[in-house]
Amino acid sequence: MHREALVIDGVSFHSRLFMGTGGAPSLYGLAEALIASGTELTTVAMRRHDSASAGSLFGLVSDLGVRVLPNTAGCFTAREAVLTAELARDALETDWIKLEVIADDQTLLPDALELLDAAEQLVSRGFVVFAYTNDDPALAVRLERLGVAAVMPLGAPIGTGLGILNPHNIALIVERSGVPVVLDAGIGTASDAALAMELGCDAVLLATAVTRAQDPPRMANAFRHAVIAGRLAAEAGRIPRRGRARASSAMDGRPDL
Amino acid sequence: MIDITLNGRPHCLPGASTVAELVAEVTGRPLRADGRAMDGGGLGLAVARNSEVVPRSRWVDTAVANGDSVEILGAAQGG
């Protein structure tokens with residue numbers, strides 16, 4: 001099976017499923033799910049050091065050989081996001097940052113103005129920015145012009161599992177983007193991830209759809225296959241939608257009965 | 001005695017201290033002068049003092065002063 005790798009900042013990914021570490025009740029369960037997902041990139045948040053659980057997540061991810069993408073989750077302003085990114089760079093020794101600047105804690109939707117401000121500052125400071133953004137084609141273009149490495153539109157608000165609420169906008173973002181598009185947030189089940197890939201997204205990022213599933217490793221495996229299937233379908237080219245039926249069996253040679 | 005706020009809580013230091021000494025105390029791990037563990041590995045931690053990053057390479061020569069607010073952060077689970 002021919003599958004072209006996704007390349008971001010010179011790094012090749014053979015799995016187009018990025019899996020976050022959020023929401024898992026135990027590190028052991030998280031490790032099982034990460035392995036089952038086949039992911040090569042995982043997100044972490046930056047939080048106050050707790051000596052009781054010191055370093056275990058950092059150690060776990062390092063041991064699994066999965067690349068780390070720190071995020072700025074919980075930041076409401078560009079100032080907080082830039083400071084968090086700088087701390088993540090110093091702690092985890094990576095220039096990669098998932099930029100997340102939220103407007104409020106009810107919707108967790110990105111704040112477009114703070115997002116653009118933070119993206120501009122981070123790019124100028126040499127960060128490789130993965131911008132978590134709304135399903136807004138105009139905003140995606142703005143982010144790309146600022147020099148982000150990937151745009152990551154949401155399918156639905158974080159943690160809702162509502163799937164892709166506006167497939168048309170996601171397709172439009174993909175169509176006009178010169179940088180990789182990663183569908184991020186809102187994924188509920190495997191078919192949502194397959195749809196994202198069918199719409200032309202380059203990868204899917206999810207966390208709670210796996211970590212809060214009843215059987216996380218099994219769901220991780222389902223997503224692994226869904227992303228592959230969706231990608232193959234996108235490459236294969238689907239048939240056009242038709243309003244009327246079209247027989248697949250020829251009428252020629254039909255017997256008189 | 002130096003009173004600081006460490007990760008949002010009052011914290012008392014017996015005397016003049018550096019960020020490196022504070023990190024070593026909190027983690028229970030001795031540090032090299034470059035802010036790494038003795039085996040050369042990274043601790044996976046970063047420090048902000050009064051809302052400014054103190055890069056790991058400067059932990060050893062950055063003093064902690066009375067009234068400082070220090071945050072020691074590491075990777076936690078998150079999407």
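## A tour of chains A and B

Start with chain A: the mean positions of its 22 positive and 30 negative charges are 7 Å apart. Lys and Arg count as positive, Asp and Glu as negative, while His and the chain ends are not counted. Each charge is placed at NZ of Lys, CZ of Arg, CG of Asp or CD of Glu.

Before going on, note that this is a predicted model, where local features need pLDDT of at least 70, side-chain atom pairs count only at pLDDT 80 or more, and totals for chains, interfaces and linings use all residues. Residues are numbered from 1 along each chain as its sequence is written, chains are lettered from A and ligands numbered from 1 in the order in which they are written, and side-chain values use heavy atoms, with hydrogens and water left out.

**Stop 1: all of chain A**

Select chain A and colour it by secondary structure. It holds nine helices and 10 strands. Helices (H or I, at least four residues) and strands (E, at least two) are DSSP runs, numbered from the N terminus. The C-alpha trace spans about 80 × 40 × 35 Å along its principal axes. Chain A has a radius of gyration of 20 Å, which agrees with the value near 18 Å for a compact globule of 257 residues. That radius is taken over C-alpha atoms, and the globule rule is 2.2 Å times the number of residues to the power 0.38.

Now colour by burial. Of the 257 residues of chain A, 49% count as buried. Buried means under 20% relative accessible area, exposed over 50%, and partly exposed in between (1.4 Å probe, protein chains only). Among contacts (heavy atoms within 4.5 Å) in chain A between residues at least 6 apart in sequence, 65% join residues at least 24 apart.

**Stop 2: helix H1 of chain A**

Select residues 27-37 of chain A, which form helix H1. Which residues here are buried? They are Leu30(A), Ala31(A), Ala33(A), Leu34(A), Ala36(A) and Ser37(A). An α-helix has 3.6 residues a turn, so residues three or four places apart point the same way.

Next, show what covers them. From chain A, the cover includes strands S3 (17-19) and S4 (41-48), along with helices H2 (56-64), H8 (208-211) and H9 (216-236). Chain B adds strand S7 (69-77) to that cover. Step just past H1(A) to Gly38(A), where phi is positive at about 75°.

**Stop 3: three loops of chain A**

Go to Glu93(A), in the loop between helix H3 (78-92) and strand S6 (96-99). Most residues other than glycine have a negative phi, and most peptide bonds are trans. Glu93(A) is not a glycine, yet its phi is positive, about 55°. With a relative accessible area of 43%, Glu93(A) is partly exposed.

Move to Gly147(A), in the loop between helix H5 (137-146) and strand S8 (150-153). Its relative accessibility is 40%, so Gly147(A) counts as partly exposed. Draw a distance from Gly147(A) to Ala119(A): the C-alpha atoms are 8.1 Å apart, with the two positions 28 residues apart in sequence numbering.

Then pick Asp215(A), in the loop between H8 and H9. Asp215(A) is partly exposed, at 37% relative accessible area. Its C-alpha atom is 9.0 Å from that of Ala33(A), although the two are 182 residues apart along the chain.

**Stop 4: the contact between the chains**

Show both chains. The contact takes 29 residues from chain A and 27 residues from chain B. In chain A, select Arg48(A), His49(A) and Asp90(A): these lose the most area to chain B, together 30% of what that side buries. How much area do the two chains bury between them? About 2200 Å², with 56% of it on carbon and sulfur atoms. Buried area is the accessible area (1.4 Å probe) that two parts lose on being put together, summed over both.

**Stop 5: chain B**

Hide chain A. Chain B has one helix and seven strands, in the order β-β-β-α-β-β-β-β from the N terminus. Its radius of gyration is 12 Å, close to the 12 Å that the globule rule gives for 79 residues, so chain B is as compact as a globular protein of that length. The C-alpha atoms fill a box of roughly 30 × 30 × 20 Å along the principal axes. Buried residues make up 42% of chain B.

End at Asn7(B), in the loop between strand S1 (2-6) and strand S2 (9-13). Asn7(B) is not a glycine, but its phi is positive, about 45°. Is Asn7(B) buried or exposed? It is buried, with a relative accessible area of 15%.
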